[in-house]
Amino acid sequence: MHPDSSPSGTPLSPQDLQHLAAALALAEQAIGLTDPNPRVGCIITTAHGEVLGAGHTQPAGQAHAEVMALRDVTDRGHDPRGATVYVTLEPCAHHGRTPPCCDALIAAGVARVVVALGDPNPLVGGHGLARLRAAGVQTHLLEPDHALAVAARELNIGFLSRMERGRPFVRMKIAASLDGRTALHNGVSQWITGPQARADGHAWRRRAGAVLTGIGTAKEDNPRLDVREVPTARQPQRVLVDSRLTLFPEARLLDPPGTLWVYHAQPDGGALGDALTARGAELISLPDPNGKVDLTAMIQDLGRRGINELHLEAGNKLNGSLLRTGLVDELLVYLAPMLMGDGRGMVNLGSLTALDQAPRYEVVDMRPIGADIRLRLRPTTVPRDAR
């Protein structure tokens, strides 16, 4: 099938794709707003392509993109009957906190719906389009490899991960020198990268449902792990790995806004746990057989708690442990144009005895951010000599 076709083979016009691209740009405005729901944009036009209304998904429990767009149509004094709808994710067909969007479109009398990406929920995927077709609405769904479908998937990669795999998309952020140092030997690390890279890092925090660090970083740097360098409508959930439960109750991780989830490996929290709970922390015991936090179980638990994207900012030991779970989906690496000599590395993977034991990655994006270079890398299972 042609990548710009509906299941029936009807080709989409350049104007269709332009409107769908505009809907995708609207969906990007929902970053940092809609979790745990997906980021969706919707544009409604006449049959000839004049825009009648537009909208994007609101915070969880509020209106979805299609309903926002229909409201905009009405507010502008237009009639949606016979209209074409461009939406970046298949309209939902199930009752959650809000009624099904496909029913709202059917009730509005729209004639045609163009969708960039199917519903990733295996329990409901395809039902929205099927209900629209049953009501006489013409539907179009892009092929999965179409550029706009790929962009829609990337925008909601965490939501899709949670729907399809039951866990968040895990992104590990590292700021380092050219020789791979994240701190000097004495622990000094502020600041390796420049202000533009730091603001960019906060933009990636804003994308995340949760930001995670380890007790070593919490004690040494006393971070806040909130979003400060870019505007945001909500703060991500803060998460701490603290196997022995030793976080000091005055830690800035416990300061407003937001709360802290502390994963530990103790049978109970004791007096310190009571002090942390009094400051709003939630303690979650998930021990492994070695007395550490079971990191795989933790990531699965975060998925059950509705976390779509998990953003990691930890030290080299926890980074190494998390990478060994095999559940880190992406590395977000900022390289500063400097050499630091003896110091702390990015990741502690232990001693490897052969190169084929080394995790390998493919660069999915590389660009300058101020004076620094940002790399986004994802794991590959293809051996280098086989490419």
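**Exercises on a surface patch, a loop proline and a cavity**

Val363, Met366 and Ile373 make a nonpolar surface patch of about 280 Å². The model is predicted: local features need pLDDT of at least 70, side-chain atom pairs count only at pLDDT 80 or more, and totals for chains, interfaces and linings use all residues. Residues are numbered from 1 along each chain as its sequence is written, and side-chain values use heavy atoms, without hydrogens and water.

**Exercise 1.** Place Ile373 in its element and classify its exposure.

Step 1. Ile373 lies in strand E16, residues 372-379 (a strand is a DSSP run of at least two residues, numbered from the N terminus).
Step 2. The classes are buried, under 20% relative accessible area, exposed, over 50%, and partly exposed in between, with a 1.4 Å probe and protein chains only.
Step 3. Ile373 has 34% relative accessibility, so Ile373 is partly exposed.

**Exercise 2.** Do the same for Pro337, then give its C-alpha distance to Gln237.

Step 1. Pro337 sits in the loop between strand E13 (330-336) and strand E14 (343-345).
Step 2. The relative accessible area of Pro337 is 59%, so Pro337 is exposed.
Step 3. From Pro337 to Gln237 the C-alpha distance is 32 Å, at a sequence separation of 100 residues.

**Exercise 3.** Describe the lining of the largest cavity.

Step 1. A cavity is a set of points on a 1 Å grid where a 1.4 Å probe fits but cannot get out; lining residues have an atom within 4 Å of a point.
Step 2. The lining includes Asp35, Arg39, Phe159 and Glu309.
Step 3. By class, the lining has three nonpolar, four polar and three charged residues, with Gly counted as polar.

Definitions and conventions
1 Å grid on protein atoms, 1.4 Å probe; cavity = no way out; pocket = protein on both sides within 12 Å on 5 of 7 lines; lining within 4 Å. Patch = residues over 30% accessible without salt bridge, like charges linked within 9 Å, V, L, I, M, F, W, Y side chains within 5 Å. Areas by Shrake-Rupley, 256 points an atom, 1.4 Å probe, with all protein chains shown as cover. Salt bridge = Lys/Arg side-chain N within 4 Å of Asp/Glu carboxyl O. Helix = DSSP H or I, 4+ residues; strand = E, 2+ residues; numbered from the N terminus.
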